[in-house]
Structure formats: C-alpha cells, structure tokens
Amino acid sequence: MKILVGVKRVIDYEVKIRVKADESGVETSNVKMSMNPFDEIAVEEAIRLKEAGHATEIIAVSMGEAKAQETLRTALAMGADRAIHITSDAELQPLAVAKLFRALIEREEADLVLLGKQAIDDDNNQTPQMLAGLLSWPQGTFASRLELNDSTLAVTREVDGGLETLDLDLPAVVSVDLRLNEPRYPTLPNIMKAKKKPLEPLDPEELKVDIAPRLKTIKVTAPPKRKAGIKLETAAELVERLHNEARVI
Ligand code: AMP
C-alpha cells in the first residue's frame, strides 16, 4: 500500500501572530515556521502503518514556497521514504491544493491519502473533503483511530456526540485529528539520513492544474482586544451581575 501524506509549512503554533500594517495578511518574515501539527500526526500514522507491515511506501508532499523543502526534510527524517515539492510562490487555496493532490495521486497510484484535519494558518478544514470529492473516493475526517482490516480501513472519528466508526473501502482520503497519536521527534542519525532521501521538485504546470485563486481576501484584522475582567467577592454578587448587567440568566 502506497501512502501519500500532505505536509504544509505554517507559522509555528507557539508564535504570536501579527497582522501586517496594510491588513493584507499576517506577518511571515522572520517568523518561526514549522510543519502543520496535524500533518505531523498524519506522517506519524503513515510510519506506524508501515512499521506494522501494512504500507510499502510513504510519500510526503508539500506545496508552496522553496522553504517547504525544509518541512519535507523533517517528514523524511521522521520516516517518510521520499518527498515531492510542488513549487509555487502564489497563494494556493484549498481547491487548487486538492486538484494538485488529485493529479499527484493519479500519477503515483496511491492507495491512501493522509492529511491534517486543518492547516493552522488559514484554518480552512477544506482540502481533504474537496480532494475526496474530486476523486470520488470514500473519506473519513477527524480520525482519532485507524485500523486496517482485510480490505477496509476502520476510521474512528470525533463527532459532536462522541465517537463514530466508519469502514472505508480503499483507496480513501483520511484527515487526522489531535488524539490519533503522538508524533515522534526525528533523531539526529535520521536527520542525516533524510538529507540523502529523494526530494522531487515539481511545477504545478507539469501536472496541468489550474491553481488560480477563486477567493479574494478583502482584509485581515486582529481580533478586538478583550476588556479586563473584574473580581467579585461573592457568588451572590456574580448571580446579581449576570442577571441585571449581562442579562444572561
Ligand atoms: P486546510 O484545508 O487548508 O485546512 O488543510 C487541510 C490539510 O490539507 C493540511 O493539514 C495538509 O495536510 C493539507 N494541505 C493543505 N495545504 C497544503 C499544502 N500547501 N501543502 C501540503 N499539504 C497541504
């Protein structure tokens, strides 16, 4: 089984986001970037499927600027076998990303696609669903457990009311949630080995995919500052204020 894993380079989750002065987006220069945390979980799961003897090859894919190659090297150091970098300095919106994945999947004949449930920069949560739609493949989103049986993949998903388990026929698209696993840290020897693993750069034009944006960002603004809270002496005072001032009870 061939597994394709999406790894997006995003602003590190610990960085305090700053909005650009012209409100056109967020500041990314001189900001620490890392692999999208959900994508680390997807890479880890692919490696576990390979270690369990279910997968034969793991291909890590990143789309975007040149530095996405650093993110791919991290995926290779964790245990992916090879990497593909779709090079583009243009803004890649979920539909374009999904179409690029579809073209690659058709080229690679992958059996399973593991993606993060969302990229923490734009919080779209759209690419996996669009990709499954484009391919007409079964999909399991927000996976918190995966189990490969004879011919199906059991995906346990976190839904509002609890957990739901779906049996998917392969090939399929799965988006992973936080509780699926704890990703490993790459070891130093594996970081060295990763430098020699194959990393193929690819132009979106070679895949004949139209990546033109369909959505226009009008402006990006920081959320309003929260007002400071107040300390009350008694629960009775709290109830009184919630009733008479906030009028919520
Ligand atoms: P999104 O729909 O943008 O929230 O992204 C969901 C998932 O799609 C991410 O966690 C990645 O696995 C994958 N993905 C989105 N954009 C990219 C990209 N530029 N390169 C690689 N994978 C991506």
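These legends walk through several close-up views of one predicted protein model with its ligand.

A few ground rules apply throughout. This is a predicted model, so local features need pLDDT of at least 70, side-chain atom pairs count only at pLDDT 80 or more, and totals for chains, interfaces and linings use all residues. Residues are numbered from 1 along each chain as its sequence is written, and side-chain values use heavy atoms, with hydrogens and water left out.

**View 1. The whole protein, with its 6 helices and 11 strands.** Helices (H or I, at least four residues) and strands (E, at least two) are DSSP runs, numbered from the N terminus. The C-alpha atoms fill a box of roughly 65 × 45 × 40 Å along the principal axes. Of the 249 residues, 42% count as buried. Here buried means under 20% relative accessible area, exposed is over 50%, and partly exposed is in between (1.4 Å probe, protein chains only).

**View 2. The ligand and the 19 residues around it.** A residue makes the list if one of its heavy atoms lies within 4 Å of the ligand. Asp 39, Ala 119, Asn 125, Gln 126 and Thr 127 come nearest. By class, the shell has 8 nonpolar, 9 polar and 2 charged residues. For that count, Ala, Val, Leu, Ile, Met, Phe, Trp, Tyr, Cys and Pro are nonpolar, Asp, Glu, Lys and Arg are charged, and the others, Gly among them, are polar.

**View 3. Backbone atoms that meet the ligand.** Polar contacts are pairs of N or O atoms within 3.5 Å; within protein, one must be able to donate a hydrogen and the other to accept it, and residues adjacent in sequence count only if both atoms are side-chain atoms. Gly 6 has a polar backbone atom 3.3 Å from a ligand oxygen. For Met 63, a backbone N or O atom sits 2.9 Å from a nitrogen of the ligand, while for Asn 125 a backbone N or O atom is 2.8 Å from a ligand oxygen. On its own the ligand exposes 490 Å², and the protein buries 98% of that. Those areas come from the Shrake-Rupley method with a 1.4 Å probe; for residues, only the protein chains shown count as cover. Strand S4 (57-64), helix H3 (94-108), strand S6 (112-116) and helix H4 (127-135) each give two or more residues to the shell. S4 gives the most, with 3 residues.

**View 4. Arg 82 and its two salt bridges.** A salt bridge is a side-chain nitrogen of Lys or Arg within 4 Å of a carboxyl oxygen of Asp or Glu. Side chains of opposite charge can pair when their charged atoms come close. Arg 82 bridges to Glu 57, with the closest N and O atoms 2.6 Å apart. Arg 82 lies in strand S5 (residues 82-87) and Glu 57 in strand S4, so this pair ties together parts 25 residues apart in sequence. Both Arg 82 and Glu 57 are buried. Arg 82 also forms a salt bridge with Glu 108, again with the closest N and O atoms 2.6 Å apart. That second pair links strand S5 to helix H3, 26 residues apart, and Glu 108 is buried too. Zoom out a little and there is a network of salt bridges linking Lys 2, Glu 57, Arg 82, Arg 107, Glu 108 and Glu 200.

**View 5. A long-range pair, Arg 184 with Glu 44.** The whole structure has 20 salt bridges, and in this one the side chains meet at 2.9 Å, N to O. Arg 184 is in the loop between strand S10 (172-176) and helix H5 (188-194), Glu 44 is in helix H1 (residues 37-51), and the two are 140 residues apart. Arg 184 is partly exposed, with a relative accessible area of 29%, whereas Glu 44 counts as buried at 2%.

**View 6. Backbone oddities in three loops.** Leu 170 and Pro 171 are joined by a cis peptide bond, with omega about 0°. Pro 171 sits in the loop between strand S9 (162-169) and S10. Asn 125 is not a glycine, yet has a positive phi of about 55°; Asn 125 lies in the loop between S6 and H4. Ser 136 also has a positive phi, near 55°, in the loop between H4 and strand S7 (139-148). Asn 125 is partly exposed at 25% relative accessibility, and Ser 136 is exposed at 64%.
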